[in-house]
Amino acid sequence: MKFAENLIHDFMKIHFENSKTKINQESIKLVAEVMRLIVEEGAVRACNQAKLEGSDTVTIEHLEKILAQLLLDI
């Protein structure tokens with residue numbers, strides 16, 4: 001899985017207060033990697049939660065159950 005760098009750039013730019021703020025390419029790559037790791041960890045945890053409940057399908061409910069702890073861990 002990989003996030004498009006232009007998507008990351010646009011997402012970050014939306015949240016800048018000063019429109020002249022610039023983002024270098026290495027920063028974009030770093031943010032994309034951190035986002036990839038968070039999404040991957042969330043998927044693994046949701047999968048484990050589904051297994052604990054005896055389900056072979058991960059649902060939004062499994063993701064909701066792990067989300068709070070995931071956010072605390074990052």
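This tour moves through three helices of a predicted model, from H1 through H2 to H3.

The model being predicted, local features need pLDDT of at least 70 and side-chain atom pairs count only at pLDDT 80 or more, whereas totals for chains, interfaces and linings use all residues. Residues are numbered from 1 along each chain as its sequence is written, and side-chain values use heavy atoms, with hydrogens and water left out.

**Stop 1: H1 against H2**

Select residues 5–14, which form helix H1, and residues 25–52, which form helix H2. Helices here are DSSP runs (H or I, at least four residues), numbered from the N terminus. H1 and H2 pack at an angle of about 100°, and their axes lie 9 Å apart. The axes are lines fitted to C-alpha atoms over the stretch in contact, and the angles run from 0 to 180 degrees between N-to-C directions. H1 is therefore roughly perpendicular to H2, a term that covers angles of 65 to 115 degrees.

Next, display the side of H1 that makes this contact (heavy atoms within 4.5 Å): Glu 5, Ile 8, His 9 and Met 12. From H2, add Gln 25, Ile 28, Lys 29, Val 31, Ala 32 and Met 35.

Then select Asn 6, also in helix H1. Asn 6 is exposed, at a relative accessible area of 54%; exposed means over 50%, buried under 20%, and partly exposed in between (1.4 Å probe, protein chains only). A line drawn from the C-alpha of Asn 6 to that of Ile 28 spans 8.6 Å, although 22 residues separate the two along the chain.

**Stop 2: Charged pairs along H2**

Move along H2 and show the side chains of Glu 33, Arg 36 and Glu 40. A salt bridge requires a side-chain nitrogen of Lys or Arg within 4 Å of a carboxyl oxygen of Asp or Glu. The count by this rule comes to five salt bridges, and three of them can be visited here.

Glu 33 and Arg 36 form one of them, at 2.8 Å from N to O. These two residues are three apart in H2, so about one helical turn separates them. Glu 33 is partly exposed, with a relative accessible area of 34%. Arg 36 also bridges to Glu 40, at 2.7 Å from N to O; this pair is four residues apart, again about one turn of the helix. Glu 40 is partly exposed at 40%.

Select Arg 45 and Glu 41 for another salt bridge, at 2.7 Å from N to O. Arg 45 and Glu 41 are four residues apart in H2, which means that about one helical turn separates them. Arg 45 counts as partly exposed at 21% relative accessibility, and Glu 41 likewise at 34%. Returning to the preceding group, salt bridges with shared partners join Glu 33, Arg 36 and Glu 40 into one network.

**Stop 3: Ala 50 and helix H3**

Continue along H2 to Ala 50, which counts as buried at 2% relative accessibility. Leaving aside residues up to four places away in sequence, Ala 50 touches Ser 55, Thr 57, Val 58 and His 62. Lys 65 lies 15 residues from Ala 50 in sequence, with 9.9 Å between their C-alpha atoms.

Finally, select helix H3, residues 60–73. Its 14 residues reach 20 Å from first C-alpha to last, close to the 20 Å expected at 1.5 Å a residue; the expected span is 1.5 Å times one less than the number of residues. Centre the view on Leu 67 to see a kink of about 40°, the bend being the angle between axes fitted to the seven residues ending there and the seven starting there. His 62, Ile 66 and Leu 70 are buried in H3, and the buried residues of this helix pack against H2.

Note on methods
Parallel < 35°, antiparallel > 145°, perpendicular 65-115°, else oblique.
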